[in-house]
Structures are given as structure tokens and as C-alpha cells.
2 protein chains.
Amino acid sequence: MMSRLAPRWPAWLFWWRAACAQGVSAQQRTWAGASRIPGPGGPWGATGTSPLVRRGSSSAPSCAPEVMLTRERYSVRRLPFSVVSEDDLAALERIVPGRVVTDPEELEAPNVDWLRTVRGSSKVLLRPRTSQEVAHILRYCHERNLAVSPQGGNTGMVGGSTPVFDEIIVSTTLMNQIVSFHNVSGVLVCQAGCVLEALSRYVEERGFVMPLDLGAKGSCHIGGNVATNAGGLRFLRYGSLRGTVLGLEVVLADGTILNCLTSLRKDNTGYDLKQLFIGSEGTLGVITAVSILCPPKPSAVNVAFLGCPGFAEVLQTFCTCRGMLGEILSAFEFMDAECMKLVGLHLRLACPVQESPFYVLIETSGSGAGHDAEKLSGFLEQVLGSGLATDGTLATDQRRIKMLWALRERITEALSRDGYVYKYDLSLPLDRLYDLVSDLRARLGLHAKHVVGYGHLE
Amino acid sequence: MMSRLAPRWPAWLFWWRAACAQGVSAQQRTWAGASRIPGPGGPWGATGTSPLVRRGSSSAPSCAPEVMLTRERYSVRRLPFSVVSEDDLAALERIVPGRVVTDPEELEAPNVDWLRTVRGSSKVLLRPRTSQEVAHILRYCHERNLAVSPQGGNTGMVGGSTPVFDEIIVSTTLMNQIVSFHNVSGVLVCQAGCVLEALSRYVEERGFVMPLDLGAKGSCHIGGNVATNAGGLRFLRYGSLRGTVLGLEVVLADGTILNCLTSLRKDNTGYDLKQLFIGSEGTLGVITAVSILCPPKPSAVNVAFLGCPGFAEVLQTFCTCRGMLGEILSAFEFMDAECMKLVGLHLRLACPVQESPFYVLIETSGSGAGHDAEKLSGFLEQVLGSGLATDGTLATDQRRIKMLWALRERITEALSRDGYVYKYDLSLPLDRLYDLVSDLRARLGLHAKHVVGYGHLE
């Protein structure tokens with residue numbers, strides 16, 4: 001892959017488990033076309049590419065006037081699907097009356113991904129309200145051989161949520177009803193189009209939290225979170241969606257409704273088919289409803305921010321932290337010195353500790369504020385005393401906590417102000433994680449303005 | 001199902017999420033035949049039955065002289081598989097030299113389940129050491145149309161690990177090697193035949209624990225745990241195997257080795273095929289290796305034992321407990337008064353609190369002994385003060401902890417001394433859980449000596 005890089009990229013970025021990147025020009029980004037092919041084996045006849053390439057993405061600056069059509073930019077070919085006719089529109093109107101969008105202006109946004117790297121030319125968007133309507137739509141499209149592109153909040157970083165050609169967009173925007181919430185078990189059942197932040201608010205008012213949290217929470221839909229098996233900031237504490245998603249309702253391509261919407265914490269009846277849909281990015285069916293287990297809301301949250309002399313010390317700090325903080329550890333994020341420099345330069349955020357080669361943000365969430373603060377203090381004494389960290393600060397109030405989190409959460413923003421960014425979401429064995437950054441830094445030399453690394457350890 | 005009960009069962013038992021039951025006579029237990037059919041749609045031509053029935057099991061007292069052959073006891077018919085010939089034995093001997101068992105005495109134990117309810121008549125048991133050998137065996141059997149029954153520790157409660165007719169038993173006993181363990185991440189990779197207790201010891205010496213624990217840990221194989229999606233005593237704290245199993249190696253029926261043995265905590269590359277094998281009970285392939293995430297070992301463990309005036313209070317205690325103990329709560333078990341009576345009568349175990357309609361055992365596991373004890377005391381004050389519990393006791397030393405756990409763990413033993421037991425492993429919504437016991441108690445009246453309920457809330 002490296003051999004295809006042109007020698008002009010100003011910024012490179014590796015993000016351990018969440019990523020985005022900006023490229024130089026359309027011509028130089030032809031390989032990125034493969035990255036937007038939805039999930040494992042989408043319906044489009046694109047040429048194969050390595051998993052690394054497929055997981056990356058690129059973006060032009062947000063001021064770009066017009067996004068080039070995907071079909072013109074990349075070597076993808078339209079498969080022989082039918083073209084939407086007037087009769088089709090009339091039939092679809094009967095299925096979702098008043099919710100068939102054909103206005104070109106209204107269709108502009110859903111045809112483009114939010115990183116503005118790809119653009120489809122869909123001429124129809126449908127807004128079903130129920131699973132039955134989704135089923136009718138898919139059955140009709142299946143019979144008529146019409147291509148469909150399901151869309152949630154359209155917040156994905158790899159262009160998987162926008163059409164490539166003239167697919168019919170099936171939007172989950174109006175499927176935003178909470179079906180039930182159980183105050184004892186914390187089991188939430190809702191439609192796929194519920195916005196993550198709205199769900200968070202809803203369950204937090206009832207003493208629970210959503211088991212996942214993302215930067216895009218204000219727009220992303222829970223159905224899309226599940227379809228992409230989103231990890232996010234609470235992965236360390238609450239684990240994968242594979243454990244917290246209890247059930248799914250999915251409509252298959254032919255319109256069959258698959259009801260795996262159990263609310264039991266464990267259900268060993270038959271094969272666990274729902275697992276196939278988690279992370280399958282809409283290639284196997286459209287997720288229409290989700291049953292998810294919400295953990296109780298922690299009553300105390302603390303954040304520590306440390307400077308570490310090397311990546312080996314970051315890893316050792318992680319081990320020490322897991323041992324001493326154990327059950328209250330809810331986030332462990334690292335960033336390198338270059339991230340911090342850029343955050344300082346472009347966002348005027350001050351580094352709260354002495355300048356160091358690496359920085360670590362540790363969050364605890366527990367049920368006893370005093371206990372948690374004591375544990376954190378003990379841990380800080382240990383890592384500062386042993387030289388694993390050279391400096392550290394502790395935040396227990398909401399304002400300071402937000403300030404420390406901003407250093408980590410706003411890295412992407414700082415980088416985007418620095419120039420074009422290529423961003424990769426990679427999962428690597430812990431002890432080899434940072435090698436990627438060092439090796440690439442050595443390899444690119446002056447060709448890249450920055451090669452930086454940050455992300456979560458889990 | 002109820003209409004088929006004969007009016008002579010001395011004891012009935014409902015176990016929330018782990019079960020066993022003893023019946024009166026062979027004739028009366030014909031329906032139980034269906035329960036031993038392996039997993040969802042086994043190869044045997046048994047008649048269909050309800051999920052409830054399929055999850056139950058029955059057992060004769062262990063002093064029973066001989067277990068009747070499954071094929072004679074139940075209406076199952078052998079499908080047209082080939083019969084093992086001398087040529088087959090020679091071929092198998094070439095695949096696993098010196099590890100083809102045909103001695104009838106040696107075959108007795110693996111032909112019978114440990115509850116002694118079902119018996120197969122297999123004449124060959126193979127002991128492969130590697131996945132390649134398993135692949136060769138399955139490829140050969142597939143080509144020769146020979147039926148195969150994979151077997152781990154043979155500790156299952158529903159007879160799914162023993163042959164029904166003359167299937168070749170493929171035992172994982174010799175596949176007991178630990179492949180790797182990562183001291184930072186806690187990721188263990190091992191062969192499927194590793195005994196759970198041996199793995200526990202291994203990782204505990206390194207500061208970690210296995211994410212599951214079962215009564216059968218001294219014999220059960222990790223491959224069988226995964227194949228049956230075993231829950232067990234640590235489910236509340238560490239969640240489902242669907243989250244903690246990171247990867248699997250599986251040999252399909254035709255001998256294809258499917259390598260999904262990733263060790264990454266999150267891997268979104270392609271479909272997560274390994275999920276299909278978790279809980280599929282060997283019907284889709286033989287699990288040969290497992291990659292599993294071990295959590296750090298907690299440094300402090302405490303147990304509280306409470307008496308509650310009703311099941312509604314048990315549920316409210318659970319809610320309070322989740323709120324106040326949060327991240328350190330590692331087990332919440334309940335048992336009714338009849339369980340306690342039988343435990344006292346047959347095992348001479350004294351009830352440590354005042355007599356109550358219900359009892360609750362709460363375990364905490366944390367990283368700070370002092371903090372945990374303080375949290376537990378606060379919780380006890382709350383539930384005793386509000387009347388949710390009428391009496392309670394707290395154990396912080398190992399001896400007392402074991403004593404309290406024995407009250408819950410030895411219920412099965414106490415019941416088996418009381419008479420024949422029918423035992424069901426059921427998952428039900430929390431607030432309707434105990435209705436099953438009350439309703440059945442009312443329905444059976446004097447026909448049952450005891451109808452009792454116990455198990456975990458999650």
C-alpha cells in the first residue's frame with residue numbers, strides 16, 4: 001500500500017480503534033474507493049483490496065465545494081439492477097405514503113458522507129416508520145431488482161452509509177421509538193433509528209447508561225452502531241456490543257422479518273443468528289429494532305492525566321492500572337507528543353502536565369466517590385514513584401474532567417486544521433501497537449508532515 | 001407438558017439458569033428423550049418438542065446398576081450412516097496411531113452421561129492431539145458416511161455429550177495444551193480439551209481469572225463450555241462467552257479447518273463466524289482451540305447472606321445492590337425456604353440467618369478489601385433498615401465465605417438425597433421468574449413432594 005502514496009501528504013494519523021484521514025487530491029485517492037465498499041463483500045463489483053486499506057478512509061477539507069461522484073472517482077461498476085420508474089415511485093408511495101423523497105435538494109445530504117469523500121446519485125429516499133414498512137419496501141425492491149442502501153445517521157467514517165450509484169436510500173430516521181425499558185434489568189428495546197444521545201438521556205434519567213458512547217452520538221443511530229459493531233469510549237468497561245446487544249429485529253433482502261428480539265440476558269435457544277448481523281454493515285439485512293442491556297449509571301467519575309517517558313511505560317502503566325483500579329477503570333487512552341503539540345497549536349489547549357513523549361488519560365467510574373479517589377491516588381503514587389509516569393494530574397470535578405477529555409477527543413479536529421489527514425482505525429496486539437507509527441514515520445520521512453498515534457488500550 | 005406428568009414425582013426443582021432433575025421410572029420419562037438430542041437440530045430423527053422440555057433433564061439415582069440404552073428407552077431412530085468396519089479401524093489407526101480405543105470396558109464411561117440418564121453403544125473412541133488430526137478424522141468419516149459424536153469432559157446435564165447409537169466418539173481429552181498466554185492483555189489461547197480448573201489455576205498464578213466458573217470445573221473442557229455457551233457463577237460480573245471468547249478454531253464436518261483464532265479484543269474484519277459455534281453444541285463443527293480474554297484477578301472477595309420476606313423484596317434487593325455495589329457485585333443468588341429446609345435436613349447445614357421465605361447470597365469481588373467491606377456494610381444497613389431484608393450476615397474470610405456458598409452450591413446434592421428430581425435450566429424475565437415455581441406448586445399440589453426455585457439474577 002505504501003508504494004502507492006504520493007509524496008505530498010501533510011499529515012498522517014493512526015488511531016488505535018477509531019479513525020479518519022484526509023487526502024491530497026481525488027486522483028491520488030483512487031485506492032480509497034475500495035474502502036467505502038460496504039462491509040464484507042458488498043454488492044458492487046469493486047476490485048479487492050487488503051483489510052488495512054479497506055478499513056482506512058480519507059477526507060477532503062470540509063470547505064470543499066462539491067464532492068465528486070463516487071462512480072466517477074473510483075473504478076466501481078454498477079451491477080445490472082433495475083432503474084426506479086414512475087410505477088415504482090407510485091408503488092413505494094403506497095407503502096410509505098407521504099414519505100417518499102425525490103426532491104434533489106433534500107437528497108443532497110443523504111447522498112454524501114459526512115467526511116465528504118464519496119457521493120452517490122440516489123434519486124429516491126424512503127422514510128419507513130415500522131419494520132413492516134421496511135419489509136414491504138425490501139420485498140418490493142427484491143421483486144423489482146432495485147438496489148437499496150440502508151442509512152442511519154450517516155455518520156460513518158468509511159462512506160458505508162451512502163449510495164454509490166442510484167440505489168434507493170432506506171432511511172431509519174423516523175424509526176425512532178423506544179419500545180420498552182425495564183427499570184430492574186436495564187434492558188432497553190427500541191427502533192433502529194433512535195439517536196444514541198437521545199437513548200443515553202432516556203436511560204440516564206432512569207439511573208442507567210448506554211453501554212456505548214461515541215463522538216457522533218448526537219447524530220448516529222443505534223441501528224447503525226450495531227450494524228458496524230461500533231466500539232467507542234466505553235468498550236473497556238462494558239465490553240463489545242456482542243455481549244450487550246441482547247436481541248435484534250432484522251429485515252432480510254427479500255422482506256422476511258427475522259425476529260431475534262429477545263430481552264433475556266442469556267438465550268441459548270438455537271443458533272444465535274443475531275450475531276451475524278452485528279458488524280455486517282447492512283450486507284445481510286436491515287436492522288430495524290435493537291434490545292440492549294444498559295449498565296447502572298456510575299455515581300462517581302474521576303479522570304487522571306499522565307505524562308509517560310515511552311510507549312513501554314504506557315503499557316506498564318496500563319498493567320498497573322488494571323491491577324490497582326480493576327473494576328472502576330472505565331477508559332485508558334493514550335496520545336503521543338505530536339498529538340499534544342497539534343492540539344496546543346491549533347486549538348490552544350494547554351498541556352496539563354510536563355512535556356512528555358506520551359500522555360495517558362485514565363477514567364474511573366464507580367459507585368463510591370471517596371473510594372475511587374483513594375484508589376486513584378494510590379495508583380498515581382505508584383506510577384509516579386516508580387517512574388512509569390513523570391508527571392500527573394487528577395480531576396474529580398466535571399469541568400476539569402471535560403477539559404482533560406477535550407485533549408484526547410479533539411485530536412481529530414486539531415489534525416484536520418493542520419492539513420489533509422489519512423486516518424486508520426486499527427486493532428493491533430498491545431505491545432506492537434506503536435511500532436506502526438514509528439515504522440511509518442521512518443518510512444515516510446519528510447514526505448509526511450506528521451505521523452501521529454493515539455487511541456484506546458483495552 | 002404438564003398434562004404428561006404422572007402423579008408420583010417426589011421432588012420438583014426449578015433452577016434459574018442451570019438445572020437437573022430426577023424422574024420416577026424409565027417409562028414415565030419417555031418425553032425426556034428429546035432433551036438429549038444435541039443442540040438445535042441434531043442428526044437424529046427424534047420427534048420435535050418444546051424448548052422448555054428440550055432444556056430439562058432427568059436423572060436416576062447414582063446407585064442405579066445399569067443405564068438403559070438410549071435407543072431402547074426413547075423413540076429415536078438411527079439415520080442411515082455406515083457402520084464402522086475393520087478397514088475403517090485400520091484407517092483411523094493410521095490417523096491417530098495408538099489412540100483408537102475399542103476396548104468395551106474403556107468405552108463404558110464415555111457412552112454414559114454423568115447423570116446416568118442416557119447410554120450410547122459406541123464401539124470406537126478416538127483421541128486426537130491436534131486440530132489436523134481432528135480434520136483428518138472428520139474428513140475420513142464424512143467420506144465414509146460415519147456418524148461422529150464429539151466429547152469433552154462429558155459433564156453436560158442434558159446428555160448431549162454421549163453418543164445415541166454407534167457414533168464414533170471423538171474425545172478432546174488429549175488436546176489439553178495451552179498455546180499462549182499474554183501477561184498484559186490476559187488473552188489465553190489453548191486447545192479445546194483443556195480442563196477449566198487447570199486453566200483457572202494457570203491464569204490465577206499469573207494474576208488473572210477465567211471469565212467463567214462452573215461446578216463441573218474439575219472435569220469440563222473449555223471447548224465444551226464454549227460449545228454449550230456455559231454461563232455459570234461469574235456471568236453477572238464478566239458477562240457472556242460471546243464477549244469473552246475472542247477467537248475459535250473449528251473443524252467442520254467435512255474436515256475443513258476454520259481458523260477464527262484471533263486474539264484481538266475487537267475484530268470487525270468480515271462476519272464474526274465464530275459466534276455461530278458458541279452454543280451450537282457441536283452441531284456445526286468440532287471446536288478445537290479457543291482464544292479467551294481473562295479478566296484481572298480481584299484481590300478482595302466478600303459474601304453477604306440475607307433473609308428476604310418475599311420474592312418482590314429479592315428483586316428490590318437486587319436493584320439496590322446493583323446501585324450500591326455496582327462494579328464490585330460479582331454474584332447474586334437466591335434460594336427459597338424449601339431449598340434451605342432440604343439443605344438443612346439432608347446435609348446438616350445450618351441456616352446462618354433467621355428463617356425467611358427467601359434467601360439471597362451476594363458476592364463482591366474488587367481490588368480494595370477495605371473499600372468493598374465498607375460498600376457492603378452500607379448496603380446491608382440500607383436493605384435491613386428498609387425491610388427489604390429481615391436478617392443478614394457478612395463473611396470476609398475464606399472459611400466463612402465457603403460455608404455460605406455451600407448453602408447455595410449444595411442444593412442439588414440435598415435434593416438428590418430427597419428423592420427423584422426433575423431439574424430445569426430456565427431463563428425468564430426477572431419479575432416473572434418465581435411465578436413458575438408458585439404456579440407449578442399450585443398445579444401439582446400433593447403430587448409433588450417439593451417444588452423449589454433457586455438460581456442467579458443477572
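A polar contact is a pair of N or O atoms within 3.5 Å; within protein, one has to be able to donate a hydrogen and the other to accept it, and residues adjacent in sequence count only if both atoms are side-chain atoms. Keep in mind that this is a predicted model, where local features need pLDDT of at least 70 and side-chain atom pairs count only at pLDDT 80 or more, while totals for chains, interfaces and linings use all residues. Residues are numbered from 1 along each chain as its sequence is written, chains are lettered from A in the order in which they are written, and side-chain values use heavy atoms, with hydrogens and water left out.

**Exercise 1. Describe how chain B meets chain A.**

Step 1: start with the area. The size of an interface is often given as the accessible area lost when the parts come together. Here chain B and chain A bury about 4600 Å² between them, with 54% of it on carbon and sulfur atoms (buried area is the accessible area, 1.4 Å probe, that two parts lose on being put together, summed over both).

Step 2: count residues. Chain B gives 57 residues to the contact and chain A gives 57 residues (contact means heavy atoms within 4.5 Å).

Step 3: look at the pairs. There are 15 residue pairs in polar contact between the two chains, both residues at pLDDT 80 or more. The side of chain B that touches chain A has 21 nonpolar, 21 polar and 15 charged residues (Ala, Val, Leu, Ile, Met, Phe, Trp, Tyr, Cys and Pro count as nonpolar, Asp, Glu, Lys and Arg as charged, and the others, Gly among them, as polar). Helix 11 of chain B supplies the largest share of that side, six residues (helices are DSSP runs of H or I, at least four residues, and strands are runs of E, at least two, numbered from the N terminus).

**Exercise 2. Find salt bridges between and within chains.**

Step 1: apply the rule, a side-chain nitrogen of Lys or Arg within 4 Å of a carboxyl oxygen of Asp or Glu. Over all chains, that gives 30 salt bridges.

Step 2: go to the interface. Two salt bridges run between chain B and chain A. In B:Arg242 with A:Asp272, the closest N and O atoms are 2.8 Å apart.

Step 3: now stay inside chain B. B:Arg119 pairs with B:Glu66, the closest N and O atoms being 3.1 Å apart. The two residues sit in distant parts of the chain, 53 residues apart.

**Exercise 3. See which residues join helix 11 and helix 13 of chain A.**

Step 1: on helix 11, pick out A:Thr317, A:Thr320, A:Cys321, A:Met324 and A:Leu325.

Step 2: their partners on helix 13 include A:Phe379 and A:Val383. The contact has six nonpolar, four polar and one charged residues.
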